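I opened my notebook to write down, one entry at a time, what I looked up in this structure.

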Amino acid sequence: MGSGGCSLEVFSSPSSATACLLGGLLLALSLLSIRLGRLPKPLSGVRLLPGIRRRRKRPVRVYMDGCFDMMHYGHCNALRQARALGDQLVVGVVSDDEITANKGPPVTPLRERMIMVGAVKWVDEVISDAPYAITEQFMKKLFTEYNIDYIIHGDDPCLLPDGTDAYALAKKAGRYKQIKRTEGVSSTDIVGRMLLCVRERSLGGSNNPSSLQRQFSHGHNQKIDDLGSGTGTRISHFLPTSRRIVQFSNGKGPGPDARIVYIDGAFDLFHAGHVEILRLARELGDFLLVGIHTDQTISATRGAHRPIMNLHERSLSVLACRYVDEVIIGAPWGVSKDMITTFNISLVVHGTIAENMDFLKEDSNPYAVPMAMGIYKQLQSPLNITTSTIIKRIVSNHEAYQKRNDKKEASERRYYENKSYVSGD
C-alpha cells in the first residue's frame with residue numbers, strides 16, 4: 001500500500017496497529033473540530049502547529065493621573081485600587097506649572113513627586129508632565145501610544161477652574177472607571193496640620209504641654225477657633241483597620257537564609273528622601289524590615305508639634321513603598337540584642353541625613369548594641385531632604401498655601417456633605 005495508509009504488514013504487529021489507529025483518531029477529531037469552528041484542547045504531549053497556536057490575551061492597562069503633592073497613604077490606596085482594575089498601571093504625574101495654574105503652587109517639585117510615585121509598589125509605569133485635564137489629544141495618545149484601556153479616578157469630583165469635569169471626555173468615550181476615595185486624609189489636611197503648627201507657635205503654644213497630636217485627633221484647635229482663625233481642615237479622621245494593613249502588606253516573611261536589613265525612624269511626611277534611603281538599604285540584603293517609631297517617642301525627641309502624621313498613617317505610607325518588605329508598627333527607640341535575635345537581623349543601617357544626628361554622641365545611643373556587634377552601617381543619603389525641609393517650604397510660603405487650602409476645603413466640604421456610598425476599595 002502507498003505511503004498514505006497503513007500496510008497489511010503494519011497490522012500484523014499489535015503495537016503498530018494501535019499506533020496507527022490512535023493517529024487516525026486524532027486526525028479525525030482535529031478535522032471535525034475545524035469543521036465545527038473550534039480547536040480541541042491540546043492533549044498531554046501533543047504540540048499544536050505554529051499556525052494554530054492560541055493567542056495570548058493582551059494585558060489590561062489602566063491609567064490614573066494626579067498631582068501627588070505631599071504624597072500620603074491615601075494616594076497609595078488610590079493607586080492600589082486602580083491597579084486592581086487592570087493588569088498594568090500607568091500613572092501620569094501633573095507638571096508643576098499645571099498644578100500652579102489650577103490649584104496653586106505645589107509643595108514638592110516634579111522630580112520628587114516622580115520619585116514618590118515610581119516607588120509605589122502597585123505602579124508599573126510613570127508619565128512625567130501629564131496635563132491636569134484629560135484633553136482629546138492627550139486621551140488619544142493614551143489609547144494609541146500607551147495602549148490604555150481605561151482611565152481611573154476617585155469618586156470625588158475633579159473640576160477645572162471653569163467648573164467643568166476634568167474627566168468628561170473619558171466618560172463620554174466609555175473608557176472611564178471610578179474608585180473609592182480613601183477616607184480621612186488629603187494633601188489639604190496635611191498642609192493644614194503644618195499651618196496649625198505655625199499658628200500654634202505664634203500664639204505661644206510651644207509651652208503648652210498638650211501635644212498637637214491630641215488636637216489633630218479631635219480635628220480642630222479650640223484656642224485657634226476661639227480667635228476666629230480656624231481653617232476647618234478635616235484633621236486625622238483616619239480610621240485604621242486590619243484589612244487596610246493586610247491590603248498594603250506583602251503578606252510574606254523572609255526566607256530561612258535571607259539577609260535581613262533593618263532601618264528605623266519616624267518617616268513623618270513620607271518624602272523622596274525617605275524613599276531613596278530605603279532603596280539603598282534594600283540593596284544591601286534580601287529583606288528590608290523598617291521600624292516606625294511611636295508618636296510618643298517622636299514627640300519626646302523632636303518636640304510636641306511632631307509627628308505631623310500619626311503612627312498608623314506613617315506605617316501605611318512606608319508599607320506602600322516597593323523597597324519595603326515589612327514594618328514594625330511602634331518600634332522601640334533602641335535596637336536591642338533581643339530584637340536583633342528575634343527578627344534575625346543581619347545589618348542595621350541609618351542615613352547621613354536626619355532630623356537629629358546627635359544621638360550618635362550620646363550615652364543613650366540607640367544603635368550602641370549593633371555597633372558593638374559590628375553590624376551597623378551608615379549610608380550616604382542621596383537627597384538632602386527631611387521632614388523639616390517640607391515644613392519649611394510651607395512656612396516660607398504659608399500665605400499662598402493658606403489661600404490654596406481655603407479654596408480646596410470648600411470643595412472638600414461639599415464632597416463630604418453630598419457623598420454617597422461607593423463599593424470597592
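**Entry 1: a pocket**

I began with the second largest pocket, for which I noted a volume of about 450 Å³. I kept in mind that I was reading a predicted model. Of the 29 residues that line this pocket, I wrote down those closest to its centre, which are Arg302, His350, Ile353, Ala354 and Glu355. I then looked up which elements give two or more residues to the lining, and found strand 6 (260-265), helix 12 (272-282), helix 13 (295-302) and strand 9 (345-351). Sorting the lining residues by character, I recorded 12 nonpolar, 12 polar and 5 charged.

**Entry 2: strand 4 and its partners**

I turned next to strand 4 (residues 150-154), which is largely enclosed by the rest of the structure, because 4 of its 5 residues are buried. On strand 1 (residues 61-66), I noted that it runs parallel to strand 4 and is joined to it by 3 bridges, and that Val62 has Tyr150 of strand 4 as its bridge partner. Strand 4 also pairs with strand 5 (residues 176-179), again in the parallel sense, over 4 bridges, and here I found Ile151 opposite Tyr176 of strand 5.

**Entry 3: Glu313**

Is Glu313 buried or exposed? I located Glu313 in helix 14 (residues 311-319), and I counted it as buried because its relative accessibility is 0%, where buried means under 20%. Looking for what its side chain touches, I found a polar contact between the side chains of Glu313 and Arg193, at 3.1 Å.

Note on methods. Residues numbered from 1 in each chain as written. Predicted model: local features only at pLDDT ≥ 70, side-chain atom pairs only at ≥ 80, totals over all residues. Heavy atoms only, no water. Buried < 20%, exposed > 50% of the residue type's maximum accessible area, 1.4 Å probe, protein only. Polar contact = N/O pair within 3.5 Å; in protein donor to acceptor, adjacent residues only side chain to side chain. Pairing = 2+ DSSP bridges. 1 Å grid on protein atoms, 1.4 Å probe; cavity = no way out; pocket = protein on both sides within 12 Å on 5 of 7 lines; lining within 4 Å. Points joined across faces, edges and corners; volume = space filled by probe spheres on them. Nonpolar A, V, L, I, M, F, W, Y, C, P; charged D, E, K, R; others polar.
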